[in-house]
Amino acid sequence: EKISMSYSGTLANSIAEVKEYDFFNKSLIKDWRNGMKHSIPVSATFTLLNYINVTPSFSYTERWYTNRTDKYYDPEVDRIMADTVWGFHRVWDYNASVSASTKLYGYFQPLPQLFGTKVNMIRHVLTPSVSFSYRPDFGDERYGYYETIEYVDASGKEQKHTYSHFQNSLYGTPGSGKSGSINFNVANNLEMKVRNDKDTTEENAFKKISLIDNFSFGTSYNLAADSLNWSNISANIRIKFGPKYTLNLSGAFDPYTYQLNSAGNPVRVNVTQFEKYGIPGRLI
């Protein structure tokens with residue numbers, strides 16, 4: 001009961017710039033843009049060590065096309081030309097992720113000498129979470145979705161042109177470039193239990209007051225990047241003032257420092273604010 005899988009399929013045809021009288025004379029394969037897309041997401045949920053909720057997921061997508069585009073360089077006209085190759089083509093990709101989260105509870109009973117006898121208890125709920133996601137580089141030549149043409153143009157310069165065989169297809173092409181990231185997030189909630197002077201029955205002797213409804217901050221680390229791996233640190237806080245009013249504040253912090261380049265302009269460099277100044281980031 002903790003594993004779920006679903007399937008969705010989409011089939012579409014589209015045609016543009018055709019006269020009404022010629023509509024039914026067009027070839028369904030060669031004149032229409034058509035394709036079929038299949039999506040199969042799989043996910044699961046289980047508990048690790050009784051307290052950690054783990055959610056792995058995997059998503060597979062496959063596209064069916066009736067043609068592909070091949071390009072070549074024609075030196076006579078000094079242009080890149082395109083040919084349409086008819087046939088059945090499968091274009092697939094996938095990605096995977098796993099996340100883990102838990103809740104930590106802390107209780108604090110304030111001293112009656114400082115806060116009086118009306119405040120009974122203060123509760124702090126800490127919710128840390130971490131997730132990892134991965135998608136391979138579908139621009140790799142082994143998949144055959146992309147191709148690079150190297151040629152010398154009419155002026156004698158060496159040129160490179162990278163294109164996708166299915167860039168004009170109905171459901172596109174899987175993205176090129178490997179993607180892998182780790183995301184971190186911490187959420188906090190602070191509540192206070194106070195004595196209810198209006199209702200002294202045992203059931204309603206105390207009422208909860210929200211001190212901080214939510215205070216969260218998070219960032220991510222890009223495993224595929226060769227530098228500047230950390231993303232900006234996002235922070236959000238929500239405070240409730242009674243049942244009618246809520247204050248929301250949000251901000252972002254840059255974890256990296258800047259240096260002047262040869263032209264005298266500031267550029268972001270791979271040195272963190274923590275390394276240089278001992279702070280997690282600079283408010284931006």
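**View 1. Leu 228 sits in the loop between β12 and β13 (233-241).** Helices and strands here are DSSP runs (H or I for helices, at least four residues; E for strands, at least two), numbered from the N terminus. Please keep in mind that this is a predicted model, in which local features need pLDDT of at least 70, side-chain atom pairs count only at pLDDT 80 or more, and totals for chains, interfaces and linings use all residues. Residues are numbered from 1 along each chain as its sequence is written, and side-chain values use heavy atoms, with hydrogens and water left out. Leu 228 has a positive phi, near 50°, although this residue is not a glycine. With a relative accessible area of 29%, Leu 228 is partly exposed; the cut-offs are under 20% for buried and over 50% for exposed, with partly exposed in between (1.4 Å probe, protein chains only).

**View 2. Asn 50 is another residue to look at for its backbone, with a positive phi of about 70°.** Asn 50 is not a glycine either. Its place is the loop between β4 (46-48) and β5. Is Asn 50 buried or exposed? Its relative accessible area is 68%, so Asn 50 counts as exposed.

**View 3. Thr 102 reaches from its loop to the backbone of Tyr 51.** The loop in question runs between β6 (79-101) and β7 (104-108). Look for the side chain of Thr 102 at 2.7 Å from the backbone oxygen of Tyr 51. This is a polar contact, meaning a pair of N or O atoms within 3.5 Å; within protein, one must be able to donate a hydrogen and the other to accept it, and residues adjacent in sequence count only if both atoms are side-chain atoms. Thr 102 is buried, at 17% relative accessible area. Beyond four places in sequence, Thr 102 touches Tyr 51, Ile 52, Leu 126, Thr 127 and Pro 128, where contact means heavy atoms within 4.5 Å.

**View 4. The largest nonpolar core brings together 6 residues.** They are Tyr 65, Val 91, Phe 138, Tyr 143, Tyr 145 and Phe 166. Such a core is a set of buried Ala, Val, Leu, Ile, Met, Phe, Trp, Tyr and Cys residues joined through side-chain atoms within 4.5 Å. In soluble globular proteins, nonpolar side chains tend to be buried together. Follow Val 91 outwards and you will find contacts with Thr 61, Glu 62, Arg 63, Tyr 65, Tyr 145, Phe 166 and Pro 174, leaving out residues up to four places away in sequence.

**View 5. Trp 92 and Phe 138 meet edge-to-face.** The whole structure holds 14 aromatic pairs. In this one, the ring centres are 6.2 Å apart and the planes stand at 80°. Rings of Phe, Tyr and Trp (its six-membered ring) pair if their centres lie within 6.5 Å; planes under 30 degrees apart are stacked, over 60 edge-to-face, and the rest tilted. Trp 92 belongs to strand β6 and Phe 138 to the loop between β8 (119-135) and β9 (146-152), so the pair ties together parts 46 residues apart in sequence. Trp 92 is partly exposed, at 25% relative accessible area, whereas Phe 138 is buried, at 0%. Both rings join Phe 58, Tyr 60, Tyr 94, Tyr 143 and Tyr 145 in one aromatic cluster.

**View 6. Tyr 163 lies buried in strand β10 (residues 158-164).** Its relative accessible area is 2%. A polar atom of the Tyr 163 side chain lies 2.9 Å from the backbone nitrogen of Lys 71. Contacts beyond four places in sequence include Thr 69, Asp 70, Tyr 145 and Ile 149. Tyr 145 is 18 residues away in sequence and 8.6 Å away in space, C-alpha to C-alpha.

**View 7. The largest pocket encloses about 260 Å³ of space.** Among its 19 lining residues, Trp 32, Arg 33, Asn 67, Asn 168 and Ser 169 lie nearest the centre. The elements giving two or more residues to the lining are β3 (33-44), β5 (52-74) and β6, and the largest share, 4 residues, comes from β5. On a 1 Å grid over the protein atoms alone, a pocket is an open set of points where a 1.4 Å probe fits, with protein on both sides within 12 Å along at least five of seven lines; lining residues have an atom within 4 Å of a point. Points are joined across faces, edges and corners, and the volume is the space filled by probe spheres set on them.
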